[in-house]
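Work through the exercises below with the sequence and the model open. Try each task before reading its solution.

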Amino acid sequence: MRQILALVLSVLGMVLVDATCILDERCPLVEDVNKPTHLPHSDCKKFSICSYGQACEKSCPDGQHWSTALQRCEWPNVACCDPSVACDPTLANPTVVPEATTIDTPVASLCTADARCPLYEDQNNPTHLSHESNCAQFYTCSYGRRCLKQCPTGLHFSALLQRCEHPSVACCDPSTVCQSLATTSTIPTTAATVVCQPDARCPLVETNPLAPLLLPVPGNCGAFYKCRTGDACLLACPAGQHFSQTLQLCERPTVACCDPSVPC
């Protein structure tokens with residue numbers, strides 16, 4: 001019995017103890033584990049998640065900063081954490097289909113059977129369908145049913161991009177001028193097919209390997225070059241975004257200011 005108890009305690013110890021977690025009085029001992037408290041870090045690239053009275057250190061994705069106001073990682077000019085970076089929180093419109101955009105009515109009344117929805121699929125990457133008449137709405141498939149969702153205010157659903165975007169990018173409303181994104185080159189999307197070639201602009205030794213130099217692709221706003229030991233490797237921006245040489249990241253076309261035909 002003692003051996004079993006010792007084993008249980010050791011397992012609990014491995015679960016509850018984390019080298020990146022420290023006791024923090026700001027973290028409640030008991031809270032909803034699905035909605036934990038988040039805390040800012042002295043390093044804008046990091047933040048902490050509370051877990052049973054402890055603050056556990058986490059890192060934002062490369063190129064992003066933690067935003068205390070938005071309670072998520074965002075681009076530096078949106079997160080407004082680094083005082084040396086120009087702050088514009090009005091750009092904080094998500095470009096992915098968020099979970100929290102369902103209309104506040106009973107779920108049963110929002111979901112109906114639809115032959116286009118598979119009975120079984122990855123619930124972390126479900127099928128999305130366009131709404132019949134409302135560009136600001138869409139459907140998410142769930143076990144053979146379509147469930148009504150709402151885009152964030154001011155955005156339209158794009159069937160092509162499978163997410164909510166700016167109306168000019170979503171191209172859903174025929175009365176809105178549709179922005180044509182650059183597609184002049186075939187952009188590789190997997191590491192196995194990345195094309196690299198020598199480029200004098202790329203240093204042979206990177207001063208910061210975690211933040212390599214990024215270069216624009218002439219004539220193609222939807223792509224960029226990533227420097228790697230003297231080579232420039234061709235990469236693609238996420239669908240619907242353009243590369244910004246100033247920000248050194250992919251952003252919405254109106255923020256990237258790459259295409260002169262798009263208001264910047």
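The exercises concern a predicted model and cover one sheet and some salt bridges.

**Exercise 1.** Determine which strands stand at the edges of the sheet S13-S16-S15-S14.

Solution.
- Step 1: The four strands form an open sheet in the order S13-S16-S15-S14, with antiparallel pairing.
- Step 2: S13 (196-198) and S14 (214-217) each have a single partner strand, so these two stand at the edges, and one side of each is left without a neighbour in the sheet.
- Step 3: On average, neighbouring strands in this sheet are turned by 35° against each other, direction ignored.

**Exercise 2.** Describe how S14 is joined to S15.

Solution.
- Step 1: S15 spans residues 220-228 and runs antiparallel to S14, with four bridges joining them.
- Step 2: Tyrosine 225 in S15 stands opposite leucine 215.

**Exercise 3.** Classify aspartate 199 and arginine 201, the partners of a salt bridge, as buried, partly exposed or exposed.

Solution.
- Step 1: The closest N and O atoms of the pair are 2.9 Å apart, and the cut-off for a salt bridge is 4 Å.
- Step 2: Aspartate 199 has a relative accessible area of 17%, so aspartate 199 is buried.
- Step 3: Arginine 201 has a relative accessible area of 45%, so arginine 201 is partly exposed.

**Exercise 4.** Do the same for glutamate 74 and arginine 72, which also form a salt bridge.

Solution.
- Step 1: The closest N and O atoms are 3.3 Å apart.
- Step 2: Glutamate 74, with a relative accessible area of 12%, is buried.
- Step 3: Arginine 72 counts as partly exposed, at 30% relative accessibility.

How values were computed
Residues numbered from 1 in each chain as written. Predicted model: local features only at pLDDT ≥ 70, side-chain atom pairs only at ≥ 80, totals over all residues. Heavy atoms only, no water. Pairing = 2+ DSSP bridges. Axes fitted to C-alpha atoms, helices over the stretch in contact; angles between N-to-C directions. Salt bridge = Lys/Arg side-chain N within 4 Å of Asp/Glu carboxyl O. Buried < 20%, exposed > 50% of the residue type's maximum accessible area, 1.4 Å probe, protein only.
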